[in-house]
Amino acid sequence: MSARKNLVLLVLCAQLFLDSMDVSLMGVALPEMQDDMGLSAEQLQWVISGYAVAYGGFLLLGGRAADLFGRRRIFFWATALFAVVSLAGGLVTDGGLLILTRVIKGVAAAFIAPAALSIITTTFPEGPERNRAMGMFGLTGASGYAAGLVFSGLLTSLSWRLTFFVPFVVATMVLLAVRGVIAPDEERTGRRPGFDVFGAVTATGGVLLLVFALTRAPEVGWGSAATVGSLAVSVVLLVAFVVIQGRRADPLVDLSIFRSRTLATANVVGVVWACATIGWQFIALLYLQNTLGYSALKAGMAIVPMAVSILIAVNIAPRLIGKVGLRVPAVIGLLLQGLGILLFLRADEDASYAAVLLPALIIHGLGNGTSFLSFNIAGVSGVANDKQGLAASLIQSAVQLGGGLGVAVGAAVLAAGSADVGMSAYHRAFLAVGIFSLVGAAASALGLGASGPSGGAEEDSSAGEAVQSHPNAGLESGRA
């Protein structure tokens with residue numbers, strides 16, 4: 001790749017590193033925040049959940065905004081907002097304001113992520129070059145998460161406020177580089193597509209309520225009025241959204257994009273992949289701390305070998321995809337991920353880390369990184385440039401929703417065991433989330449289809465025709 005393209009990738013990866021690190025930075029810092037600010041248990045949960053709900057709810061809107069108003073423009077201003085609220089989060093002394101900064105950061109990240117991914121997919125052509133860029137992108141995400149696990153303990157030992165100040169510094173450095181590195185957005189000619197206000201309201205509201213319900217259900221109960229009511233209203237809003245999209249000349253989501261079997265399958269795989277890996281992470285961290293007695297820092301460090309395995313996998317996967325296509329790496333990766341999770345069925349109250357946990361973590365990491373890259377590439381393959389923002393936001397939304405569902409399933413299975421969670425409850429929970437990986441492997445085998453050696457999946461002929469012949473092609477854009 002040219003030096004300019006490498007610089008573009010470096011800047012985008014720096015922001016992804018920050019987003020990924022910011023998620024894992026919070027975990028170890030929570031007890032210190034609670035002691036310093038007197039946060040209630042519910043407030044403490046919303047330091048994490050507020051970010052996740054906002055991120056998942058606004059991703060579709062973020063992807064559409066990138067396509068409509070310019071990818072560099074959206075990336076720049078959303079990163080600026082991320083930096084400002086990071087600084088504010090480190091300065092506030094009120095719990096409610098702290099949660100508000102996390103929610104706003106989630107909104108900013110929901111605009112940053114699809115903009116960054118669509119800049120990559122429009123800068124690097126399909127094939128080996130894009131596969132390498134996507135591999136670096138995935139490698140950066142895994143590195144950021146691992147770095148957050150390590151640095152969170154170090155920063156928190158000095159002051160939990162550093163977990164907000166460090167992201168501010170990194171985001172500011174990214175901002176200083178954006179305008180000089182990333183090419184300006186192309187000027188639009190002809191009619192500017194309209195903005196689907198009703199679609200934006202129904203989609204954002206429906207996804208927000210869905211993520212909110214999945215996040216809250218383990219705490220308040222699946223049969224509670226809050227959970228049932230949120231899910232019911234979410235379904236109504238999402239059905240209304242689909243109806244609206246079919247009648248709009250300039251829809252928020254061009255539903256014809258789902259005629260691509262590869263793209264539709266990639267989004268299904270994204271959901272079950274996240275159900276498995278995020279659900280497993282939730283259960284495994286509880287097991288390490290509550291059963292094995294690990295400290296929060298030790299638990300984070302225990303998972304670092306898995307993060308290293310992910311780094312290795314996403315570095316090797318582009319070459320594998322370039323040789324055999326997307327289907328085989330996706331299937332193998334999901335099977336390995338599932339095997340790594342199911343190997344935790346061997347764990348007990350005094351499990352040996354080296355003999356029992358470490359092999360499971362390594363196998364899980366190798367499968368996780370390989371499958372992650374495969375379905376992410378599949379989710380944007382064969383999509384017109386003016387729909388790349390949508391395709392990117394769809395796949396990221398799938399991952400966010402899957403993560404919420406996986407945590408909800410894991411928490412529900414653990415709670416169904418007994419008040420005092422024993423190993424049998426943990427084993428049932430590991431089995432439940434491990435099955436999601438097997439479902440993903442089956443979906444990949446059936447739906448990703450044959451792939452050429454370039455790594456780009458073949459689209460259904462009907463999908464290709466739909467992209468080329470849609471009456472609004474070239475005028476509008478059609479998503480973790």
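Me: Is tryptophan 77 buried or exposed, and what is its relative accessible area?

Reply: The general idea is to ask how much of a residue remains accessible; a residue counts as exposed when its relative accessible area is over 50%. In this predicted model, tryptophan 77 has a relative accessible area of 54%, so the residue is exposed. Tryptophan 77 belongs to helix α3, which covers residues 71-91. Its C-alpha lies 8.7 Å from that of isoleucine 112, although 35 residues separate the two in sequence.

Me: How many helices and strands does the protein have?

Reply: There are 16 helices and zero strands. Of the 480 residues, 55% count as buried. The protein exposes about 18,300 Å², and carbon and sulfur atoms supply 68% of that area.

Me: Which residues of the largest nonpolar core touch the most other members?

Reply: The general idea is that, in soluble globular proteins, nonpolar side chains tend to be buried together. Here the largest nonpolar core has 94 residues, and those touching the most other members are Leu12, Met33, Val47, Phe75, Leu98, Ile120 and Ile182. Helix α1 (residues 3-37) contributes the largest share of this core, with 14 residues. A second, separate core holds 32 residues, among them Cys275, Ala284, Leu292 and Ala351.

Me: With which residues is leucine 98 in contact, leaving aside its neighbours within four places in sequence?

Reply: Leucine 98 is in contact with Met33, Met37, Leu39, Val47, Gly89, Val92, Trp160 and Phe164. Two of these partners, Met33 and Val47, also appear in the list of core residues that touch the most other members.

Me: How many aromatic pairs are there, and how should one pair be read?

Reply: The count comes to nine aromatic pairs. To read a pair, one considers the distance between ring centres and the angle between ring planes. For phenylalanine 344 and phenylalanine 430, the centres are 5.1 Å apart and the planes stand at 45°, so this pair is tilted. Phenylalanine 344 is in the loop between α12 (327-342) and α13 (353-380), while phenylalanine 430 is in helix α15 (residues 423-447); the pair therefore ties together parts that are 86 residues apart in sequence. Both of these phenylalanines, 344 and 430, are buried.

Me: Where do phenylalanine 372 and phenylalanine 375 lie?

Reply: Both are in helix α13, three residues apart, which is about one turn of the helix. They form an edge-to-face aromatic pair, with 5.7 Å from centre to centre and 80° between the planes. Phenylalanine 372 has 26% relative accessibility and counts as partly exposed, whereas phenylalanine 375, with a relative accessible area of 1%, is buried. Together with Trp273, Phe372 and Phe375 form one aromatic cluster.

Me: Which residue has its charged end over the ring of phenylalanine 76?

Reply: In such a case one looks for a charged group placed over the face of a ring. The charged end of arginine 179 sits over the ring of phenylalanine 76, at 4.1 Å from the ring centre. Another case is lysine 298, which lies over the face of tyrosine 294, 4.4 Å from the ring centre.

Me: How many disulfides does the structure hold?

Reply: In general, a disulfide is a covalent bond between the sulfur atoms of two cysteines. This structure holds zero disulfides. Cysteine 13 is buried, with a relative accessible area of 7%, and cysteine 275 is buried as well, with a relative accessible area of 0%. Cysteine 275 is also one of the members of the second core.

How values were computed:
Residues are numbered from 1 along each chain as its sequence is written. This is a predicted model: local features need pLDDT of at least 70, side-chain atom pairs count only at pLDDT 80 or more; totals for chains, interfaces and linings use all residues. Side-chain values use heavy atoms; hydrogens and water are left out. A nonpolar core is a set of buried Ala, Val, Leu, Ile, Met, Phe, Trp, Tyr and Cys residues joined through side-chain atoms within 4.5 Å. Buried means under 20% relative accessible area, exposed over 50%, partly exposed in between (1.4 Å probe, protein chains only). Helices (H or I, at least four residues) and strands (E, at least two) are DSSP runs, numbered from the N terminus. Contact means heavy atoms within 4.5 Å. Rings of Phe, Tyr and Trp (its six-membered ring) pair if their centres lie within 6.5 Å; planes under 30 degrees apart count as stacked, over 60 as edge-to-face and the rest as tilted. A charge sits over a ring if NZ of Lys or CZ of Arg is within 6 Å of the ring centre and within 35 degrees of the ring normal. A disulfide is a pair of cysteine sulfur atoms within 2.5 Å. Accessible areas come from the Shrake-Rupley method with a 1.4 Å probe; for residues, only the protein chains shown count as cover.
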